[in-house]
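Let's walk through a protein chain together, one step at a time. Keep the sequence and the 3D view side by side as you read.

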Amino acid sequence: MPRSTEFPLPLIYAGHKLRCAYRADFLIASELLVELKAVERLLPIHSEQLFTYLKLADKQVGLLINFNTRHLKDGITRVVRNYSGPLPSSPPPPLTPPTPR
């Protein structure tokens with residue numbers, strides 16, 4: 001699967017192009033931007049950073065992965081730009097344990 005590391009993201013501001021204003025950690029299969037973190041907890045600024053990278057790279061989907069979690073699956077956030085589909089349904093209620101007989 002083709003991938004690029006430290007993928008350069010150009011920025012055009014006031015008519016001036018900065019060839020490498022930002023760098024995304026990975027670009028996978030020319031479609032998926034991946035930004036890696038190792039922080040105590042992800043903050044809204046981290047999602048906004050990835051969203052900015054998606055806009056600059058003209059991509060639609062990205063993953064924000066925080067390695068500072070007990071279970072890696074808990075540190076993965078999917079960010080989608082220009083999503084116009086239905087909103088996800090609310091999660092199912094938690095399972096209640098069976099009552100002992």
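Let's start with a single residue. Leu-27 has a relative accessibility of 6%, and because buried means under 20%, Leu-27 counts as buried. Keep in mind that you are looking at a predicted model. Leu-27 belongs to strand E2. If you skip its neighbours within four places in sequence, Leu-27 is in contact with Pro-2, Arg-3, Ser-4, Phe-7, Leu-32, Leu-33 and Lys-59. You can also try a distance: 9.7 Å separates the C-alpha atoms of Leu-27 and Pro-8, which are 19 residues apart along the chain.

Now zoom out to the whole chain. One helix and five strands make up its secondary structure. Following the sequence from start to end, you meet them in the pattern β-β-β-α-β-β. The chain has 101 residues, and 21% of them count as buried. Take the contacts between residues at least 6 apart in sequence: 41% of these join residues at least 24 apart.

How are the five strands arranged? They form an open sheet in the order E1-E2-E3-E4-E5, with mixed pairing. E1 and E5 stand at the edges and have a single partner strand each, so one side of each has no neighbour in the sheet. On average, neighbouring strands of this sheet are turned by 35° against each other, direction ignored.

Let's look at some of the pairs, beginning with the strand that holds our leucine. E2 and E3 pair in the antiparallel sense, over three bridges. Leu-27 has Leu-33 in E3 as its bridge partner. The two strands E2 and E3 form a hairpin, with three residues between them. Ala-29 sits in that loop between E2 and E3. The phi of Ala-29 is near 55°, which is a positive value in a residue other than glycine. With 36% relative accessibility, Ala-29 counts as partly exposed.

Next along the sheet, E3 and E4 pair in the parallel sense over six bridges. Here Leu-32 stands opposite Val-61 in E4. E4 and E5 return to the antiparallel sense, pairing over five bridges. In this pair, Leu-64 stands opposite Thr-77 in E5.

Now turn to the helix. H1 covers residues 44-57, which makes 14 residues, and reaches 20 Å from its first C-alpha to its last, close to the 20 Å expected at 1.5 Å a residue. Which residues of H1 are buried? They are His-46, Leu-50, Tyr-53, Leu-54 and Ala-57. Looking down the axis of H1, you find these buried residues within an arc of 100°, so they line one face of the helix. Pro-44 and Ile-45, on the other side of H1, are exposed.

What do the buried residues of H1 pack against? Their partners are strands E1, E2, E3, E4 and E5. H1 lies across these strands, E1, E2, E3, E4 and E5, and runs at about 150° to E3.

The end of the helix deserves a look too. H1 is followed by Asp-58, which is found in the loop between H1 and E4. Asp-58 has a phi near 55°, again a positive value in a residue other than glycine. Its relative accessibility is 56%, and because exposed means over 50%, Asp-58 counts as exposed.

With the helix and sheet in place, we can see what they share. In soluble globular proteins, nonpolar side chains tend to be buried together. In this model, the largest nonpolar core has ten residues: Leu-9, Ala-24, Leu-27, Leu-33, Leu-50, Tyr-53, Leu-54, Ala-57, Leu-64 and Val-79. E2 and H1 are the elements that give two or more residues to this core. The largest share, four residues, comes from H1.

To finish, follow one core residue of the helix. Apart from its neighbours within four places in sequence, Leu-54 is in contact with Leu-33, Lys-59, Gln-60, Val-61, Gly-62, Val-79 and Arg-81. Leu-33 and Val-79 belong to the core list as well, and Leu-33 brings you back to the start as the bridge partner of Leu-27.

Methods
Residues numbered from 1 in each chain as written. Predicted model: local features only at pLDDT ≥ 70, side-chain atom pairs only at ≥ 80, totals over all residues. Heavy atoms only, no water. Expected span 1.5 Å × (residues − 1). Buried < 20%, exposed > 50% of the residue type's maximum accessible area, 1.4 Å probe, protein only. Arc of directions from axis to C-beta. Contact = heavy atoms within 4.5 Å. Pairing = 2+ DSSP bridges. Axes fitted to C-alpha atoms, helices over the stretch in contact; angles between N-to-C directions. Core = buried A, V, L, I, M, F, W, Y, C linked by side-chain atoms within 4.5 Å.
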